[in-house]
Amino acid sequence: GYRPHRVAQLSQLATVLCAVPEAVIVAGDLNFEEGDPEYLVLRGLTGMRDVAAELDRREPTVADENPYRPDRHLPSRRIDFVLVRDGASQGLLPRSVRRVFDETLEIHGRPRTYSDHAGVLGVVGLGAPDVAPSGAAEVVVALPTFEPYLHAAKAMGARIVSILPWM
């Protein structure tokens with residue numbers, strides 16, 4: 001499957017993010033859901049915060065009714081994110097987040113949308129940082145079935161303090 005590729009992508013992204021001392025915003029199609037191992041590891045390694053979760057404004061970005069979605073029998077889900085992290089001298093304050101470009105249009109008598117994913121619009125303010133980032137995470141919570149992520153986390157200097165059983 002895609003697991004080795006995903007582990008490599010996650011490792012590269014986390015490595016770059018940990019090396020950046022400034023405030024960071026990561027937004028886009030990350031192809032995982034809140035609570036997935038990739039989500040937990042990325043947030044644990046980098047200190048990134050999920051704007052929609054922080055504001056309690058979670059909305060699916062891949063909708064089952066989207067005409068471009070071949071797997072419409074699957075439930076709608078949120079795999080597009082706006083993640084933020086304070087920098088050493090500048091904080092990021094999530095103000096709002098919402099799904100956009102999710103309208104179904106009719107073109108030549110057929111239903112169409114802008115994409116197979118809705119867009120996500122986040123508004124983030126600047127302010128004082130809550131806590132200056134310290135590079136690699138001190139705490140990573142991981143599931144034992146995702147051993148490649150644990151190896152990647154250890155390679156970047158994270159200390160694994162809790163391994164949760166599969167639920």
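## The turn after helix H2

In this predicted model, Gly-47 has a positive phi of about 75° and sits just after helix H2.

Helix H2 covers residues 37-46, and 8 of its 10 residues are buried, so the helix is largely enclosed by the rest of the structure. Those buried residues are Pro-37, Glu-38, Tyr-39, Val-41, Leu-42, Gly-44, Leu-45 and Thr-46.

## Nonpolar cores

The largest nonpolar core has 14 residues, and the members that touch the most others are Leu-17, Val-26, Phe-32, Leu-42, Met-48, Phe-81 and Leu-83. At least two residues of this core come from each of helix H1 (3-18), strand E1 (24-29), H2 and strand E3 (80-85). The biggest share, 4 residues, is from H2. Separate from this core is another, of 6 residues, including Val-51, Ala-52, Val-82 and Val-84. In soluble globular proteins, nonpolar side chains tend to be buried together.

Leaving aside residues up to four places away in sequence, Met-48 is in contact with Leu-17, Val-24, Val-26, Arg-43, Leu-83, Val-84 and Arg-85.

## Arg-49 and its contacts

Arg-49 belongs to strand E2, which spans residues 49-50. With residues up to four places away in sequence left out, Arg-49 touches Arg-43, Glu-54, Val-82, Leu-83, Val-84, Arg-85, Asp-86, Leu-92 and Pro-94.

Two of these contacts involve polar atoms of the Arg-49 side chain. One is a polar contact of 3.3 Å with the side chain of Asp-86; the other reaches the backbone oxygen of Leu-92 at 2.8 Å. Pro-94 lies 45 residues from Arg-49 along the chain, and their C-alpha atoms are 9.5 Å apart.

Note on methods
Residues are numbered from 1 along each chain as its sequence is written. This is a predicted model: local features need pLDDT of at least 70, side-chain atom pairs count only at pLDDT 80 or more; totals for chains, interfaces and linings use all residues. Side-chain values use heavy atoms; hydrogens and water are left out. Buried means under 20% relative accessible area, exposed over 50%, partly exposed in between (1.4 Å probe, protein chains only). A nonpolar core is a set of buried Ala, Val, Leu, Ile, Met, Phe, Trp, Tyr and Cys residues joined through side-chain atoms within 4.5 Å. Contact means heavy atoms within 4.5 Å. A polar contact is a pair of N or O atoms within 3.5 Å; within protein, one must be able to donate a hydrogen and the other to accept it, and residues adjacent in sequence count only if both atoms are side-chain atoms.
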